[in-house]
Every structure is written in C-alpha cells, then in structure tokens.
Amino acid sequence: MKFFGKDKRNAKVVIKGVPFEFISPAGGCALSPYFLRYCSEFIETKSFYFNKECEDFEDKGDIPCFGIDFEEAINLIERESREILKGGKAVFFIGGDHTISFPIFKSVKGIYPDIKLLIFDAHTDFRDLFMGSKLNHATWLKRLYDEKVIKEDEVFLFGVRENFPETPFKILKKEELFELEGQFYLSFDLDVFKPEVFSSVTNPFPGGLNFEELMDILIKIKNLIVSADFVEFNPLRGDPLLSGTIFATLIREFIVLKSLQSYH
C-alpha cells in the first residue's frame, strides 16, 4: 500500500515508514505507517490550503524494523535513514514511537553537521531512565545530548506542556518560533495536538494545538525544515479514523509545501 495509492520516482520528497515501538503503556505505534496510508484513501489528493495536487513524492515503503532485536532495529534504522538522506531530498519518516528520532537524527547530523533540531511535543523526553531502559520514547533526547550529538544551542522545543525533567534547551513561545533562522530537522510528536483534536496517541496530555493553528505555524516556518519525522500516532487508541485522517492531511500539506520549495 502506498500513500494516496501512488508515488513518483525521483521526486523531491520521500516518505519512509518506521514501524518501531519499544516500551509503551499501550502498544500500537508500530501500526502507524500502514494505517496512515490506509487513511490517505479517504482524503483528496489536492491540497485545500495551497490549491495544488499532492503528487511530487515517492513512498519508499517501510524500514523492516518491527519484531526484531532492539539493538538490531536501532542500528538498521540509522543505516537505512542515512542511505535515504544521502540523496539530498526531503525525507518524511513515519513512526513508530519517538525512539526512532534517536537513530534518525544521528544520521541527519552526520550528513548535515550544522543542522539544528526542532521538536514539537507535549513532553520533553529528557528522562535518564524510563521503565528500566536507557533508550526509549521518553529518553531519546537525553541520549542525543549525553552522546554529544547535539549541543544546548542546537535544540528548540515547542508545544511542551510538561517540562519534566527540565531540559537545558530553549522551550519556545509561538512568537519566538517565528524568529528562528537556519536549517532544522523537525521531530513532530502528534501529542502536540489537543487530545480532543487528535486522540490516537499513546501519551495524551491536556492543552495543545488545533489543526488550523498548526497550519498557520507550518506556513510561516516551512523554509526552515529540511526533513522530519512524525511519531506517536497510535491507531489502537482514541478515534483512529479521525486521527488518521488528520495525520494524512498533515502529511499531504507537508509534501505540497516541500514540493513548492527550493532547498539544499
């Protein structure tokens, strides 16, 4: 199954599924890439916001990281993401839980040494340990920091509503988000939305964005984003068809924006 049931070889934008999940109070994030593609069948291929057909993308399927050894999966995600990113295209990785951002961003940083990290998330994901594990969806940012993959002035968070543990990174207000400069890799946790808007996440938290707010932000920061991952969609929670439709619409708009943009 392909996103919108089609793709275009050698397009500007690449989609890659990463069906990985590890420690979670509710499994299901590994189903996200498949269910996103399923939900794309229920929306139009033409962007309502930009009046342009969503067609300049290639869906390269999934990294085969589900159901294998943890370390093997992390290494595989890092290797395959590096190979895809070498092509210099915009890549949208569809998780999967937030653990995937650890190996993917290591690959990103190896290819784009000056790139910064922009995170949309309700949580800081900066714990040192979670449920006995050093690397998972709640600790991935701490691991990047401890391994010196990132520095304090290279990471910016937006949408955080639970700053524990406190991070050394800048938590942005909306007006500060629009003042950013440079190139960024975006890690987009879908719990940045309000739970009543997007209910199919593993760790919902009160407050957050609605879809129109997110689109307004996206339009203003579109030139900052080189590639991105989208994580924590859990089709076994909440209203998966509604959430999946919102997610598919979001990916459609990201593809259209990147296809309109000239970059690296």
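User: Helix axes here are lines fitted to C-alpha atoms over the stretch in contact, with angles running from 0 to 180 degrees between N-to-C directions. With that settled, at what angle do helix α2 and helix α3 pack?

Analyst: Happy to help! Keep in mind that this is a predicted model. Helix α2, residues 70-85, packs against helix α3, residues 101-111, at about 35 degrees, and their axes are 8 Å apart.

User: Is that crossing left-handed or right-handed?

Analyst: The α2 and α3 crossing is right-handed.

User: Which residues of α2 and α3 meet there?

Analyst: From α2 you have Ile74, Ile77, Glu78, Ser81, Arg82 and Leu85, and they meet Phe102, Pro103, Ile104, Lys106, Ser107, Val108 and Ile111 of α3. Sorted by class, the α2 and α3 contact holds eight nonpolar, two polar and three charged residues.

User: Nice. Now α1 and α7: how are they arranged?

Analyst: Helix α1 (residues 32-40) packs on helix α7 (residues 240-260) with an angle of about 80 degrees and 8 Å between the axes. That angle is why α1 counts as roughly perpendicular to α7, because the range for that label is 65 to 115 degrees.

User: And what makes the contact?

Analyst: On the α1 side it's Ser32, Phe35, Leu36, Cys39 and Ser40, while α7 brings Pro240, Leu241, Gly244, Thr245, Phe247, Ala248 and Ile251. This contact of α1 with α7 has no charged residues, just eight nonpolar and four polar ones.

User: How many of α7's residues are buried?

Analyst: 16 of the 21, so α7 is mostly covered, with buried meaning under 20% relative accessible area. Its first and last C-alpha atoms are 30 Å apart, close to the 30 Å expected at 1.5 Å a residue.

User: Switching to the backbone: which peptide bonds are cis?

Analyst: One of them runs from Gly95 to Gly96, with omega near 15 degrees. Gly96 sits in the loop between β5 (90-95) and α3. Another joins Phe164 and Pro165, where omega is about -10 degrees, and Pro165 belongs to the loop between β7 (155-158) and β8 (170-172).

User: What about Asn51's phi?

Analyst: Phi of Asn51 is positive, about 55 degrees, although this residue is not a glycine. You'll find Asn51 in the loop between β2 (46-47) and β3 (52-53), and Asn51 is exposed at 59% relative accessible area.

User: And Met131, is that one buried or exposed?

Analyst: Met131 is exposed, with a relative accessible area of 60%. Phi of Met131 is positive too, near 50 degrees, and Met131 lies in the loop between β6 (116-120) and α4 (140-146).

Definitions and conventions. Residues are numbered from 1 along each chain as its sequence is written. This is a predicted model: local features need pLDDT of at least 70, side-chain atom pairs count only at pLDDT 80 or more; totals for chains, interfaces and linings use all residues. Side-chain values use heavy atoms; hydrogens and water are left out. Helices (H or I, at least four residues) and strands (E, at least two) are DSSP runs, numbered from the N terminus. Angles under 35 degrees count as roughly parallel, over 145 as roughly antiparallel, 65 to 115 as roughly perpendicular and the rest as oblique. Contact means heavy atoms within 4.5 Å. Ala, Val, Leu, Ile, Met, Phe, Trp, Tyr, Cys and Pro count as nonpolar, Asp, Glu, Lys and Arg as charged, and the others, Gly among them, as polar. A crossing is left-handed if the near helix is turned anticlockwise from the far one by less than a right angle, and right-handed if clockwise. The expected span of a helix is 1.5 Å times one less than its number of residues. Buried means under 20% relative accessible area, exposed over 50%, partly exposed in between (1.4 Å probe, protein chains only).
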